[in-house]
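Biologist: Before we use any labels, I would like to hear the reasoning behind each of them. Could you show me the model and then take me through it slowly?

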Amino acid sequence: MEGYAELLDDFSTFMRLERALSENTIVSYCSDLKLFFSFIASPAEYGSLLPPLQHPSMADEKYLSAFLDIEFHKGLSKRSQARQISSIKAFYRYMESRRNPCERIETPKLSRYLPTVLSVEEILSIFDSIDLSTYEGMRNRAMLEMLYSCGLRVSELVNLRLTDLFFKDAFVRVVGKGDKQRLVPVYDKAIEAVKNYMSARWELVQRYTERSMKPEDKETLFLNRRGRKLTREMVFIIVRRQAEAAGITKKISPHTFRHSFATHLVENGADLRVVQDMLGHSSILTTEIYTHVSSKSWQRNILDHHPLNGKKI
């Protein structure tokens with residue numbers, strides 16, 4: 001598998017430098033490819049009678065079909081299967097291989113994905129459930145306020161720097177996918193929450209200044225108790241714990257605040273192009289999903305209040 005590892009490194013470098021894909025996308029692609037490479041290098045270990053291959057360029061449609069069949073029986077969703085195929089297609093396009101095993105493989109047709117959305121009341125209940133008497137509480141309140149106020153991705157949140165805050169003008173600078181920058185308005189409650197957190201953050205930084213605190217951590221807005229930049233995984237844990245504390249039973253993640261932010265904007269009449277700019281979507285088609293979420297709420301409201309609802313005809 002040594003040659004395979006080298007190919008994977010080259011591919012990830014290409015995706016990062018030439019395609020300017022986000023680190024999360026590259027990690028997902030490489031994870032899918034590792035599974036595929038492991039299979040074609042040792043098919044017998046997966047119960048397949050196909051002979052092992054020395055190089056991915058030798059793979060044909062039989063290998064991909066066998067691999068996908070194994071993954072399907074693991075209970076993989078259509079969305080995950082589609083991503084695996086996309087990962088492998090991207091690799092073979094990079095290889096410019098004449099034998100692309102994906103040529104005749106159809107990507108599973110996905111139904112329209114409608115994200116989980118919190119109501120304004122549920123958002124407020126999560127905010128109100130936070131204990132503001134601790135450093136973590138003040139930080140978590142500021143983080144969740146920023147997630148909802150600005151519709152940030154979790155990677156954008158953890159990478160926010162002090163120099164990205166323009167609170168006098170009620171804006172925050174966000175570095176999104178492909179290192180694209182955008183300015184996003186931030187409302188006063190979120191600004192207030194961040195300012196309250198900043199005093200606790202200053203005390204924390206003073207405590208660690210004489211120790212081995214990295215320069216980049218000093219500029220990072222949200223820090224853990226050890227004066228280090230928060231990880232994406234930690235933000236996921238914080239969000240889920242706080243939702244439980246607020247009695248929210250929906251399965252949510254940091255991205256739920258982004259979905260809720262966009263849906264509430266659309267429901268309140270915001271122009272779709274404005275929402276697109278706020279979210280940093282490259283295509284308006286991606287933003288259009290929030291019109292569908294809003295339409296479901298609208299449809300339910302109409303049916304619930306229809307004069308013939310519940311009446312026998």
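Modeller: This is a predicted model, and a good place to begin is the packing of H6 against H10, whose axes lie 11 Å apart and meet at an angle of about 95 degrees.

Biologist: What makes H6 roughly perpendicular to H10?

Modeller: The angle between the two helices is about 95 degrees, and angles from 65 to 115 degrees count as roughly perpendicular, so H6 is roughly perpendicular to H10.

Biologist: Which residues in H6 and H10 meet?

Modeller: On the H6 side they are Arg139, Asn140, Met143, Leu144 and Leu147, and these meet Ile238, Val239 and Gln242 in H10. By character, the residues of this contact comprise five nonpolar, two polar and one charged.

Biologist: Let us turn to charged pairs. How do you know that arginine 83 forms a salt bridge with aspartate 32?

Modeller: The closest N and O atoms of arginine 83 and aspartate 32 are 2.7 Å apart, and the cut-off for a salt bridge is within 4 Å, so the pair qualifies by that definition. The pair also links distant parts of the chain, since arginine 83 is in helix H4 and aspartate 32 is in helix H2, 51 residues apart.

Biologist: Why is aspartate 32 called buried, and why is arginine 83 called partly exposed?

Modeller: Buried means under 20% relative accessible area, so aspartate 32, at 2%, counts as buried. Exposed means over 50%, with partly exposed in between, so arginine 83, at 37%, counts as partly exposed.

Biologist: How do you know that arginine 225 forms a salt bridge with glutamate 136?

Modeller: Here the closest N and O atoms are 3.0 Å apart, which again satisfies the limit of within 4 Å, so the name applies. Arginine 225 sits in the loop between helix H9 and helix H10, while glutamate 136 is in helix H6, 89 residues apart. With 36% for arginine 225 and 27% for glutamate 136, each value falls between 20% and 50%, so the label is partly exposed.

Biologist: Why can the pair of arginine 182 and glutamate 156 be said to tie parts together?

Modeller: Their side chains meet in a salt bridge, at 2.9 Å from N to O. Arginine 182 lies in strand S3 and glutamate 156 in helix H7, so the pair ties together parts that are 26 residues apart in sequence. Arginine 182 and glutamate 156 are both buried, and they belong with Arg153 to a network of salt bridges.

Biologist: How many salt bridges does the structure hold?

Modeller: The structure holds ten salt bridges, including those discussed here.

Conventions: Residues are numbered from 1 along each chain as its sequence is written. This is a predicted model: local features need pLDDT of at least 70, side-chain atom pairs count only at pLDDT 80 or more; totals for chains, interfaces and linings use all residues. Side-chain values use heavy atoms; hydrogens and water are left out. Helices (H or I, at least four residues) and strands (E, at least two) are DSSP runs, numbered from the N terminus. Buried means under 20% relative accessible area, exposed over 50%, partly exposed in between (1.4 Å probe, protein chains only). Axes are lines fitted to C-alpha atoms, for helices over the stretch in contact, and angles run from 0 to 180 degrees between N-to-C directions. Angles under 35 degrees count as roughly parallel, over 145 as roughly antiparallel, 65 to 115 as roughly perpendicular and the rest as oblique. Contact means heavy atoms within 4.5 Å. Ala, Val, Leu, Ile, Met, Phe, Trp, Tyr, Cys and Pro count as nonpolar, Asp, Glu, Lys and Arg as charged, and the others, Gly among them, as polar.
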